[in-house]
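Here is an informal walk through one structure, taking a few spots in turn. Have the sequence and the 3D view open as you read.

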Amino acid sequence: MNKIRDYFSEESNRNIFYALLLFIIVITLLAWQSDDSYHAYIMAKNLVDGNGFVYNVGQRATASSCPLFTLVVAAGYFLIRSMFFVSLLINIIFSTLAFGILVRNFCRTRRQIIFTLLILIGSVSFVSYTTSGLENSMLFFLGACFMKIYFSHERYDAKHMLLLALLVALTAMTRMDAVLIFAPMAVYVFLFKRDGISFGKAVGLGFLGLAPFILWELFATFYYGFPFPNTAYAKLGTDIALTDYLIRGIRYYLNAAICDPILLIVPLFVLLAAISVRKAQYIVCMAGTVLYGIYLLYIGGDFMMGRHFTVTFFISLICYMDIKNREFSELGRGAAFHRTFEAFVAAALIFTCTSSVITGQFLFGRTFGSPISDERAGYFTTSSLFNNVVSLIRTGDLCIQNTWNEDGVKDIRDNEMPGGILVSVPGITKYYNNDLYLNDLYALGDPYLAHLPAVKEKGWRIGHMYRQAPVGYANLVRYGWGYKAIKNEYARQYYEIIDEITRGPLFDRDRIMKVIDINLGRYDDLVRGYAASLDENNMQVIPEGMTDDDIAASPPLE
């Protein structure tokens with residue numbers, strides 16, 4: 001008790017405590033679950049239930065791009081058998097720890113604590129992805145840990161170099177592309193800022209720190225057959241022109257600028273601050289943000305408003321607070337810059353709080369042809385913590401399971417089929433129907449469709465690129481017919497290979513050889529052969545006499 005009393009007797013500790021308390025209150029009141037998070041929850045539940053780390057029981061495929069976060073959720077679910085509540089608890093813990101590292105290590109005054117708190121809770125997107133069930137909260141935490149070590153030293157001994165490499169590995173296991181944010185800093189440290197460490201020893205420390213990620217990649221390639229998440233193949237291996245991705249990437253930036261401008265204002269000002277102080281440590285830090293920003297353009301951004309800007313936004317804020325405390329003074333160097341920064345932050349917060357008409361869900365997407373949405377606004381009614389607690393008290397059930405009502409699932413059950421390939425299977429729907437084999441034309445959990453060309457529809461949405469199921473494939477799934485159900489010879493041969501990789505005995509020699517061959521591109525000619533039978537939009541030319549039952553699921557093109 002005396003230690004607690006002594007702790008709160010210091011004003012700085014009280015300020016930190018109150019800031020953390022307010023932060024927790026805000027993100028808890030606005031806590032929600034995204035539909036996409038349930039793809040990972042399905043895998044976490046299957047693992048805990050003894051069905052393997054898979055999306056559909058019996059098929060080794062992943063629909064999660066965040067394996068480490070999914071494993072953490074699985075551990076939580078093992079202890080607390082309520083996926084909805086335990087996953088949100090994990091989100092809140094990671095986000096709070098990240099904010100705690102920021103205010104304790106990078107804020108020296110009460111004014112600075114208030115400044116950082118207002119910036120963070122003033123961002124619609126950042127608050128949304130402190131929870132959401134997605135991996136962002138874990139990235140905030142890992143990023144804060146990395147930055148704490150990075151800015152605590154001018155030169156780095158073996159221990160801290162190893163820790164930085166380990167944090168890069170854990171980040172890669174949480175979300176592989178997030179490594180781009182930290183890679184420049186890690187390279188800078190290992191090449192130029194070693195404290196008496198030889199280059200050879202530095203390389204050894206790097207490999208040792210990266211060992212968890214390397215081991216995961218070896219496991220994933222052996223277990224699933226592929227080194228990258230299935231979602232990566234589904235979203236990026238589409239045969240859609242790079243220019244189309246770049247256009248959508250630009251629109252993603254414009255959407256953030258209109259709907260949540262502080263997300264872009266903070267990194268921009270911090271980049272200018274880093275350049276102005278001419279210190280390599282800061283410039284290299286912001287180089288990661290720039291690199292990741294270019295990558296976002298390349299992949300077309302995202303369909304979730306501001307989501308992929310939140311980590312660089314948070315990292316940039318940490319960088320700025322370090323610049324402010326080390327390089328700027330209250331009345332001298334940097335004072336005018338900081339006042340200008342504060343003015344822009346205030347303007348952005350006022351704009352965000354008073355522009356609900358502009359930032360309404362899907363409004364920007366409908367107007368500019370870029371389907372980017374405020375996902376929290378769309379799902380809050382049925383997936384928020386608040387509404388689910390109310391529903392639990394009133395009815396004894398969570399209301400999140402009523403988010404979607406898929407007629408296709410009802411048809412599968414009515415006809416006593418083992419599963420099906422539907423046009424769309426939301427993650428929440430799959431979670432509450434996990435006894436069925438379910439995949440959809442977005443192919444996030446389908447290792448076969450994910451490697452086939454995507455349909456080139458006019459209004460395609462990032463992360464939601466349709467594949468038309470080869471004729472006969474859907475019947476193979478719902479009726480259990482053999483390979484010959486697939487009419488196209490190339491598509492049938494490719495399915496046989498995928499099926500052996502994802503369902504065959506793990507240690508079978510033929511399977512292992514097929515895993516090696518498919519990753520070396522030795523079956524790409526089969527995909528090209530199938531693609532040659534498609535029209536200019538990657539749709540099949542259906543032979544006369546084929547029925548809807550033969551064709552099965554086809555995307556509703558615009």
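Tyr490 sits in helix α24, which covers residues 489–503. This is a predicted model, so keep that in mind throughout. Is Tyr490 buried, exposed or something in between? With a relative accessible area of 40%, Tyr490 counts as partly exposed, because that value falls between the 20% limit for buried and the 50% limit for exposed. Setting aside neighbours within four places in sequence, Tyr490 touches Asp525, Leu526, Gly529 and Tyr530. If you want a long-range marker, take Gly204: Tyr490 and Gly204 are 286 residues apart in sequence, and their C-alpha atoms are 45 Å apart in space.

Asn433 is another residue to click on, in the loop between α22 (427–431) and β2. Its relative accessible area is 13%, so Asn433 is buried. Which residues does Asn433 contact, leaving aside its neighbours within four places in sequence? They are Val409, Arg413 and Leu438.

Now for helix α6, residues 110–121. Its 12 residues reach 16 Å from the first C-alpha to the last, close to the 16 Å expected at 1.5 Å a residue. The buried residues of α6 are Gln112, Ile113, Phe115, Thr116, Leu117, Ile119 and Leu120. What do these buried residues pack against? The partners are α2 (11–29), α5 (83–106), α7 (124–128), α14 (262–277), α16 (310–326) and α17 (335–354).

Helix α6 also brings us to the charged pairs. Side chains of opposite charge can pair when their charged atoms come close. The structure holds 15 salt bridges, and here are some of them:

| Pair | Closest N to O distance |
|---|---|
| Glu342 and Arg111 | 3.2 Å |
| Arg175 and Asp177 | 2.9 Å |
| Glu375 and Arg461 | 3.7 Å |

Take the pair of Glu342 and Arg111, whose side chains meet in a salt bridge. This pair links distant parts of the chain, with Glu342 in helix α17 and Arg111 in helix α6, 231 residues apart. Arg111 has 55% relative accessibility and so counts as exposed.

Arg175 and Asp177 meet in a salt bridge as well, and both of these residues are buried. They also belong to a network of salt bridges that links Glu135, Arg175, Asp177 and Arg307.

Then there is the salt bridge between Glu375 and Arg461. Glu375 lies in helix α19 (residues 375–383) and Arg461 in the loop between β2 (437–440) and α23 (473–479), so the pair ties together parts that are 86 residues apart in sequence. Glu375 and Arg461 are both buried.

Last stop: a helix pair. The axes of α3 (residues 37–48) and α4 (residues 67–79) come within 8 Å and cross at roughly 55°. How do α3 and α4 lie relative to each other? They are oblique, because 55° is neither under 35 degrees, as for roughly parallel, nor within the 65 to 115 range for roughly perpendicular. The crossing of α3 and α4 is right-handed. On the α3 side, the contact is made by Ala40, Tyr41, Met43, Ala44, Lys45, Leu47 and Val48. From α4 come Thr70, Leu71, Val73, Ala74, Tyr77 and Phe78.

Terms used. Residues numbered from 1 in each chain as written. Predicted model: local features only at pLDDT ≥ 70, side-chain atom pairs only at ≥ 80, totals over all residues. Heavy atoms only, no water. Helix = DSSP H or I, 4+ residues; strand = E, 2+ residues; numbered from the N terminus. Expected span 1.5 Å × (residues − 1). Buried < 20%, exposed > 50% of the residue type's maximum accessible area, 1.4 Å probe, protein only. Contact = heavy atoms within 4.5 Å. Salt bridge = Lys/Arg side-chain N within 4 Å of Asp/Glu carboxyl O. Axes fitted to C-alpha atoms, helices over the stretch in contact; angles between N-to-C directions. Left-handed = near helix turned anticlockwise from the far one by under 90°.
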